[in-house]
Structures are given as structure tokens and as C-alpha cells.
Amino acid sequence: TILGKNVGIAPDASWIGCVNLGRNLGNPGYYLACMQFLFAPFPDGGDPIQDGNPELGAHILNNSWGCPDIEGCDSLVFEQAVSALRFAGIFVVSSAGNNGYYGCESITDPLAIYENVFSVGAIDQMGELAPFSSLGPVSVDNSGRTKPDLVAPGVDIFSTMPNASYSILSGTSMAGPHVVGTVALMWSANPGLIGQIELTEEILQRTVSEYSGLYPECVDSTINPNNAVGFGMLNTYKAVEEVIKTR
């Protein structure tokens, strides 16, 4: 979805990856190790501290995972890590999660709960909020923080799969990569924007399309940003157009 040749948002982007869910079950150590590697990659068998090279690190991180209590995570476990990545100029995107059926306060797992992470919910092809898309506010850390930051396509997304195949999938894990690809396009169109996290976020928020669909009953305010769709619906064209204007 980020960089597929025929189905990707930014098909000419370069990509590196790190496996932190080899058996669909992670833990804080695996997640932190991957954040470390993506910040400063090192050779196979090398030492992450001595051999890690930030010059080869990723500009943008896609995180289509959450770390629940069962994996040993709490609300603070990655807060320092994502703050360090942000300070280093790395744009961290997280899918909001698929617990929307439980109602408001269903964004409960890091990384999506953090202020320094750009969290993404899901809409369908008609522009309606997906019923599975997790909702704010964030209550697990007693912050009451409004989340998600915005919403993007996440229902019946046609994308690539292993072995040269394709599939149609749904989930906020399909929505987050749309934002990652959009930021890649923005930073390609205006390299002076690379590493400017706050400005990039502001442009994404300012160029959204207005959400005009239905809201869950538990959402007490539809003023943007709100706990259903954040600032609104991702508009990749407008975001890239805006950064070209500001070059």
C-alpha cells in the first residue's frame, strides 16, 4: 500500500523492514529493537550501538501493530522511544486499532495512544467511518487525549501479498500506510520538509477533506479534531499540492 508498483501511494520510495511479530505475538523488547534498527540500521550479526548508522535510517515508520497488556506492554513503555524518534526527525505513523465495536476510549494500545505519534483510523469507499476503527479519547494513561489524528481508506483495500499475489483486506492497518505513503510523497516533492515533523503534521491536518458521514453515538463532539475521525479524511493530492507551493 505504501510503495507497491501498481497499487502503492509512493511506488518509487525505498523500503526497509524489521520483523517484530514473527508469530503474530510480540513483546516490548522486539518492538524496541525494531525501532532501534529502523532508526540506525546495522549489518546482520552487528552490534546495534557500535554498528548502527542513522544515515541509513528510515525517514518514516509505518506501525500497523499494537502492544496490549498480554504482550507485557503498558501505556508508558514506548513513550521515550517515540519521543526520541520524533526529536531525530522521523515521522512515526500508527494504525489506531480495530476495537471500535467497543465504543469510545477503544484506542488503548501503544503506539497509537501517544501524542508524538500520528494515529490513523479507517473509512470505507463511501467516506463512512469503519465500524471497527478504534475511537478516542485515550483513557489508559489518564490523558483524555483526542485520537485518532485523521482517517484514511481502510475497508476493502486492494493491495499486494506475498508470492506475486494480491488481496482485498480491511483494517486500520490498511489505513495507516496511506498516510505513510503520503508523507513520502510530500517529502519527495519538497525535500526541505524532511524531518520537520510538526510542519508536516500541520499540513496533513490542514489539507484534509471534511468528514460528512455518521458518527458513533458515544462521540460527544463532532468539532475537529474529534475522537472519531480526528481532523478529517486524508487528502493526499491536497497535501502534496500544498508542499509544492511552499518549496
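Start with the second largest pocket, whose lining has 5 nonpolar, 11 polar and 2 charged residues. The model on your screen is a predicted one, so every stop on this tour is a stop in a prediction.

**Stop 1: the second largest pocket**

To find the pocket, select Ser64, Trp65, Gly66, Gly97 and Asp109: of the 18 residues in its lining, these are the closest to its centre. The space inside comes to about 330 Å³.

**Stop 2: the largest pocket**

Now clear that selection and pick Ile2, Trp15, Ile16, Gly17 and Asn62. Among the 40 residues that line the largest pocket, these are the closest to its centre. The pocket holds about 1,500 Å³ of space.

Which class of residue would you expect to count most often in this lining? Colour the lining by class and you will find 25 nonpolar residues, 14 polar ones and 1 charged one.

Next, colour by element. Helix H1 (28–39), strand S1 (60–63), strand S5 (157–161) and helix H3 (172–189) each give at least two residues to the lining of the largest pocket. Which of the elements gives the largest share? That is H3, with 7 residues.

**Stop 3: the whole chain**

Zoom out and switch to a cartoon view. The protein chain has 5 helices and 6 strands. Followed from the N terminus, the elements come in the order α-β-α-β-β-β-β-β-α-α-α. The radius of gyration is 17 Å, close to the 18 Å that the globule rule gives for 247 residues, so the chain is as compact as a globular protein of that length.

Turn the model around its principal axes: the C-alpha trace spans about 50 × 45 × 35 Å. Colour by accessibility, and 46% of the 247 residues come out as buried. The surface that the chain exposes amounts to about 12,600 Å², with carbon and sulfur atoms supplying 52% of it. If you draw the contacts with a separation of 6 or more, 70% of them are between residues 24 or more positions apart.

**Stop 4: two cis peptide bonds**

Here is a background point for this stop and the next one. Most peptide bonds are trans, and most residues other than glycine have a negative phi.

Select Pro110 and Leu111 and show the backbone as sticks. The peptide bond that joins them is cis, with omega at about 15 degrees. Leu111 sits in the loop between strand S2 (91–95) and strand S3 (118–123).

Then move along to Gly136 and Pro137. The bond from Gly136 to Pro137 is cis as well, and its omega is near -5 degrees. Pro137 belongs to the loop between S3 and strand S4 (150–153).

Stay in that loop for a moment and select Met126, which is also found between S3 and S4. Is Met126 buried or exposed? Its relative accessible area is 73%, and because exposed means over 50%, Met126 counts as exposed. Add Val155 to the selection: Met126 and Val155 are 29 residues apart along the chain, and their C-alpha atoms are separated by 9.9 Å.

**Stop 5: two positive phi values**

Select Asn163 and Ala164. Asn163 lies in the loop between S5 and strand S6 (165–169), and Ala164 is in the loop between S5 and S6 too. What is the sign of phi at Asn163? The value is positive, near 60 degrees, in a residue other than glycine. For Ala164, also a residue other than glycine, phi is positive and near 55 degrees.

Show the surface here. Asn163 is exposed at a relative accessible area of 75%, and Ala164 is exposed at 77%.

**Stop 6: towards the C-terminal helices**

Select Glu217, in the loop between helix H4 (197–206) and helix H5 (236–245). With a relative accessible area of 85%, Glu217 is exposed. Draw a distance from the C-alpha of Glu217 to that of Lys245: the two residues are 28 apart in sequence and 39 Å apart in space.

For the last selection, pick Tyr237 in helix H5. Tyr237 has 64% relative accessibility and counts as exposed. How far apart are the C-alpha atoms of Tyr237 and Thr182? They are separated by 8.7 Å, although the two residues are 55 apart along the chain.

Key: Residues are numbered from 1 along each chain as its sequence is written. This is a predicted model: local features need pLDDT of at least 70, side-chain atom pairs count only at pLDDT 80 or more; totals for chains, interfaces and linings use all residues. Side-chain values use heavy atoms; hydrogens and water are left out. Helices (H or I, at least four residues) and strands (E, at least two) are DSSP runs, numbered from the N terminus. Buried means under 20% relative accessible area, exposed over 50%, partly exposed in between (1.4 Å probe, protein chains only). On a 1 Å grid over the protein atoms alone, a cavity is a set of points where a 1.4 Å probe fits but cannot get out, and a pocket is an open set with protein on both sides within 12 Å along at least five of seven lines; lining residues have an atom within 4 Å of a point. Grid points are joined across faces, edges and corners, and a volume is the space filled by probe spheres set on the points. Ala, Val, Leu, Ile, Met, Phe, Trp, Tyr, Cys and Pro count as nonpolar, Asp, Glu, Lys and Arg as charged, and the others, Gly among them, as polar. The radius of gyration is taken over C-alpha atoms; the globule rule is 2.2 Å times the number of residues to the power 0.38. Contact means heavy atoms within 4.5 Å. Accessible areas come from the Shrake-Rupley method with a 1.4 Å probe; for residues, only the protein chains shown count as cover.
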